[in-house]
Amino acid sequence: MDYIEQRIYGSKPGKTVAIVGCVHGCERIGQALISKLHKCRIEKGILRLILANPKAYKRNKYFLEKNLNASFPGILTGAYEERLAYHLTKDLSDCDIVIDIHSISASSGIDTCITTVMNRENKKVMNMMNIRKILYANPSYIPYARSTLINHVKCGISLEYYTDTGKRKALHRAVRDVYSILGGYKMVKVKKEKNKIKKELFLLFDTLLLPSKNYIPNAALQEGRKIKKNEVVASFGSKKIHAFCDFYPVLLKKKLDTQESTRLCFMAQKSTI
Ligand SMILES: [Zn+2]
């Protein structure tokens with residue numbers, strides 16, 4: 001199939017960790033991270049480096065026919081990305097951990113880790129990293145989460161890097177986080193990071209979809225600031241959309257992209273991990 005893979009073997013048995021980049025082709029950080037890890041030496045286990053959608057990457061597109069991260073577990077005879085999802089689901093089934101790399105250009109400036117399950121292994125992986133914001137997208141509440149890559153592997157997390165502060169800095173943080181995980185599984189030697197930051201957990205309970213792409217998000221909305229019930233979230237001429245309850249907006253878009261859905265953000269409650 002069309003994805004590109006490189007495997008790095010350690011000399012001793014250990015975990016199999018996959019780093020998957022460019023599930024969304026225009027999120028270049030995935031490819032940049034993979035080429036950084038390319039010469040990485042590991043002591044044990046297997047490191048799999050996967051460029052998920054090279055065709056979309058080449059054309060710098062989010063996807064060609066369908067959003068790959070909404071196509072899992074995939075269809076053997078389906079659209080291009082559905083076929084890709086089908087093969088990835090099969091081929092990643094023996095991985096112990098799958099790290100799915102994304103980037104987002106938005107206002108919060110906080111890198112985010114997303115999980116669709118909260119079990120011991122997922123929590124363990126998340127605790128290895130010095131990443132502050134955790135989003136728990138339970139597929140029972142968030143239909144989108146059901147068809148994501150990380151929801152179709154043994155243990156998977158997605159990492160969203162904010163690129164507003166500079167692509168090189170974001171890449172640097174991605175490399176640091178991946179090394180923390182590899183270090184956590186003793187695949188590489190890393191210095192223990194001091195001053196672990198306190199994590200914030202957001203429980204996603206709903207999706208805020210706008211009626212059409214004509215609607216303009218309220219510029220005053222900010223990731224991390226609670227939206228109060230009845231606050232205007234978007235408008236189109238004299239038509240206004242009001243919040244039906246208090247919530248924290250997460251993965252908030254400043255404007256709706258042409259290739260994506262009319263999702264403005266996910267609605268979340270704050271919690272502790
Ligand atoms: Zn993405």
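**Exercise 1. The sheet of three strands**

Find the residue of strand 10 that is the bridge partner of Ile216, and then work out the order of the sheet around it.

*Solution.*
Step 1. The bridge partner of Ile216 in strand 10 is Ser235. The structure is a predicted model, in which local features need pLDDT of at least 70 and side-chain atom pairs count only at pLDDT 80 or more, while totals for chains, interfaces and linings use all residues. Residue numbers start from 1 along each chain as its sequence is written.

Step 2. Strand 9 (residues 216–217) and strand 10 (residues 232–236) are antiparallel and pair over two bridges. Two strands count as paired if DSSP finds at least two bridges between them. Strands are DSSP runs of E with at least two residues, helices are runs of H or I with at least four, and both are numbered from the N terminus.

Step 3. Strand 10 also pairs with strand 11 (residues 239–242), in the antiparallel sense over four bridges. Val232 has His242 as its bridge partner in strand 11, and Phe236 has Lys239. Strands 10 and 11 form a hairpin with two residues between them, and Gly237 in the turn has a positive phi of about 60°.

Step 4. The result is an open sheet of three strands in the order 9-10-11, with antiparallel pairing. Strand 9 and strand 11 each have a single partner strand, so one side of each has no neighbour in the sheet.

**Exercise 2. The sheet of ten strands**

State the strand order of the open sheet of ten strands, and say which strands stand at its edges.

*Solution.*
Step 1. The order is 1-3-2-4-7-5-6-8-13-12, and the pairing is mixed.

Step 2. The edges are strand 1 (4–9) and strand 12 (248–250); each has a single partner strand, so one of its sides is left without a neighbour in the sheet.

Step 3. Neighbouring strands here are turned by 30° against each other on average, direction ignored. Axes are lines fitted to C-alpha atoms, for helices over the stretch in contact, and angles run from 0 to 180 degrees between N-to-C directions.

Step 4. For a parallel pair, take strand 4 (residues 97–104) and strand 7 (residues 156–162), which pair over seven bridges. His102 has Glu160 in strand 7 as its bridge partner.

Step 5. For an antiparallel pair, take strand 8 (residues 200–209) and strand 13 (residues 263–271), joined by eight bridges. Leu209 stands opposite Arg263 in strand 13. Strand 12 and strand 13 also run antiparallel, with three bridges, and Val250 has Phe266 in strand 13 as its bridge partner.

**Exercise 3. Helix 6**

Check the span of helix 6 against its 18 residues, and locate its buried residues.

*Solution.*
Step 1. At 1.5 Å a residue, helix 6 should span 26 Å, and its end C-alpha atoms are 26 Å apart, which agrees. The expected span is 1.5 Å times one less than the number of residues.

Step 2. The buried residues of helix 6 are Ala170, Leu171, Ala174, Asp177, Val178, Ile181 and Leu182. They cover an arc of only 140° around the axis, which puts them on the same side of helix 6. The arc is that of the directions from the helix axis to the C-beta atoms. A residue is buried if 20 or more other C-beta atoms lie within 10 Å of its own, exposed if 12 or fewer, and partly exposed in between, with C-beta atoms placed from the backbone.

Step 3. The cover over these residues includes strand 2, helix 1, strand 4, helix 4 (120–128) and strand 7.

Step 4. After helix 6 comes Lys186, with a positive phi near 60°.

**Exercise 4. Cys40**

Decide whether Cys40 is buried, partly exposed or exposed, and name the residues it touches.

*Solution.*
Step 1. Cys40 lies in the loop between helix 1 (29–37) and strand 3 (44–51).

Step 2. There are 16 other C-beta atoms within 10 Å, so Cys40 is partly exposed.

Step 3. Leaving out residues up to four places away in sequence, Cys40 touches Ile8 and Leu47. Contact means that the C-beta atoms, placed from the backbone, lie within 7 Å.

Step 4. Cys40 and Ile8 are 32 residues apart along the chain, and their C-alpha atoms are separated by 7.8 Å.

Key
Contact = placed C-beta atoms within 7 Å.
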